[in-house]
Amino acid sequence: DELAESIGSYLLYAREKYGVEPGMFSFNEPDYGVTVKLTPEEHRDLVIHLGRHFQKLGLKTRFLAADVAHARGTAKFAEPVLKDERSAGLVDAIGFHTWGGASPAQYREWREIAIRSGKPLMVTEAGVDAQAWRFPATFGTYWYGFAEARQYMELLQHAWPQAILLWEYTDDYGILKIDRSTNPPTVTPTKRYFFMRHFAAFTPRNGKVLQSRSSDNEVLIAAVRGKDGRLVLHILNDGPARRATLKGAEDLRFSGYVTDPGRDMDKLEEISGEIELPATSMITLVTKH
């Protein structure tokens with residue numbers, strides 16, 4: 001009861017003082033205990049208890065279920081809250097974090113539980129190394145950015161989330177280098193910035209992820225079609241340079257953009273049917289109308 005009163009008063013203050021009312025509330029990484037640790041059943045019971053308290057206070061805030069620390073075998077954490085009608089009716093979305101990555105099968109477990117429940121799936125913290133903030137120089141390297149891009153590709157290919165939230169754009173995991181010794185501060189993009197820009201600039205908002213696959217495990221592909229019919233292909237080559245054929249899209253003409261060790265989302269010549277994939281690179285193709 002005291003916990004419900006504490007959270008409720010916080011949300012009331014936010015509404016009355018600042019005019020804001022969050023759409024969803026969650027406990028951060030409750031499976032791991034940062035800083036509240038819950039069993040799946042306790043998680044369900046708290047959603048029910050808090051939901052009743054929020055309604056009593058006239059709050060519109062609902063719940064993000066799970067929000068667990070990683071995706072490796074954790075989809076079961078969401079089952080009790082989604083199977084109980086009292087709690088499932090209070091949940092607007094399901095979330096998980098990606099620290100340490102997961103297998104394609106484990107990502108698909110999350111996709112399947114989202115489909116069964118009819119709830120949107122969100123990656124509420126996307127990142128590859130939860131301890132990387134201890135070594136800030138890591139974020140400026142090509143390989144950290146490339147690992148993040150690969151993780152995004154795996155998520156799009158296997159989990160089908162409706163949102164991916166990078167952890168994070170501010171300083172401790174920032175995608176920019178900021179030199180505050182100058183006036184004004186000097187801001188320099190890292191490779192992570194350009195990898196993230198591939199996804200943010202071209203992936204259609206509210207688009208549909210299409211099933212796609214590669215004949216080589218080192219080449220990952222994610223296809224998204226926008227409501228306007230535009231087709232976007234993200235292709236990541238985690239290996240040596242090679243030539244690829246776009247089967248099923250031979251008749252389409254694409255604009256292309258590439259990021260590799262020597263280029264930062266540089267524009268390519270028009271592409272149709274076949275494409276040269278540079279070593280350890282990411283290419284985004286967008287259909288030309």
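## Burial and overall form

Of the 289 residues that make up the protein chain, 47% count as buried, a figure that, like the others in this report, was computed from a predicted model. The accessible surface of the chain comes to about 15,300 Å², and 51% of that area belongs to carbon and sulfur atoms.

The secondary structure of the chain comes to seven helices and 15 strands. Its radius of gyration is 21 Å, close to the 19 Å that the globule rule gives for 289 residues, so the chain is as compact as a globular protein of that length. Measuring out the C-alpha trace along its principal axes gives spans of about 60 × 50 × 35 Å.

## Contacts and charges along the chain

When contacts between residues at least 6 apart in sequence are considered, 67% of them join residues at least 24 apart. As for charge, the chain carries 36 positive and 38 negative charges, and the mean positions of these two groups are 4 Å apart.

## The parallel sheet

Five strands form an open sheet with parallel pairing, in the order β1-β2-β3-β4-β5. The edges are taken by β1 (24–25) and β5 (163–166), each of which has a single partner strand, so one side of each is left without a neighbour in the sheet.

Within this sheet, strand β2 (residues 62–68) runs parallel to strand β3 (residues 91–97) and is joined to it by five bridges; Leu64 has Ala93 of β3 as its bridge partner, while Val68 has Phe96 of β3. Strand β3 is in turn joined by four bridges to strand β4 (residues 121–126), again in parallel, and here the bridge partner of Phe96 is Val123. Six of the seven residues of β3 are buried, so this strand is largely enclosed by the rest of the structure.

## Two residues in later strands

Asp260, which is found in strand β12 (residues 254–260), counts as buried because its relative accessibility is 8%, and the cut-off for buried is under 20%. Leaving out residues up to four places away in sequence, Asp260 touches Tyr142, Lys191, Pro278, Ala279, Thr280 and Ser281.

Pro189 lies in strand β7 (residues 186–189) and is partly exposed, with a relative accessible area of 38%. Apart from neighbours within four places in sequence, Pro189 is in contact with Ile175, Leu176 and Phe194. Pro189 and Arg86 are 103 residues apart in sequence, and their C-alpha atoms are 47 Å apart in space.

## Backbone angles to look at

Most residues other than glycine have a negative phi, and most peptide bonds are trans. With that background, two peptide bonds of this model deserve a look: a cis bond joins Trp167 and Glu168, with omega about -10°, and the bond from Asn183 to Pro184 is also cis, with omega near 5°. Glu168 lies in the loop between β5 and β6 (176–179), whereas Pro184 is found in the loop between β6 and β7.

Positive phi values occur at Trp160, where phi is near 55°, and at Met265, where phi is near 50°. Trp160 lies in the loop between α6 (142–159) and β5 and counts as partly exposed at 30% relative accessibility, whereas Met265 is found in strand β13 (residues 263–267) and is buried, with a relative accessible area of 11%.

Note on methods:
Residues are numbered from 1 along each chain as its sequence is written. This is a predicted model: local features need pLDDT of at least 70, side-chain atom pairs count only at pLDDT 80 or more; totals for chains, interfaces and linings use all residues. Side-chain values use heavy atoms; hydrogens and water are left out. Helices (H or I, at least four residues) and strands (E, at least two) are DSSP runs, numbered from the N terminus. The radius of gyration is taken over C-alpha atoms; the globule rule is 2.2 Å times the number of residues to the power 0.38. Buried means under 20% relative accessible area, exposed over 50%, partly exposed in between (1.4 Å probe, protein chains only). Contact means heavy atoms within 4.5 Å. Accessible areas come from the Shrake-Rupley method with a 1.4 Å probe; for residues, only the protein chains shown count as cover. Lys and Arg count as positive and Asp and Glu as negative; His and the chain ends are not counted. The place of a charge is taken as NZ of Lys, CZ of Arg, CG of Asp or CD of Glu. Two strands pair if DSSP finds at least two bridges between them.
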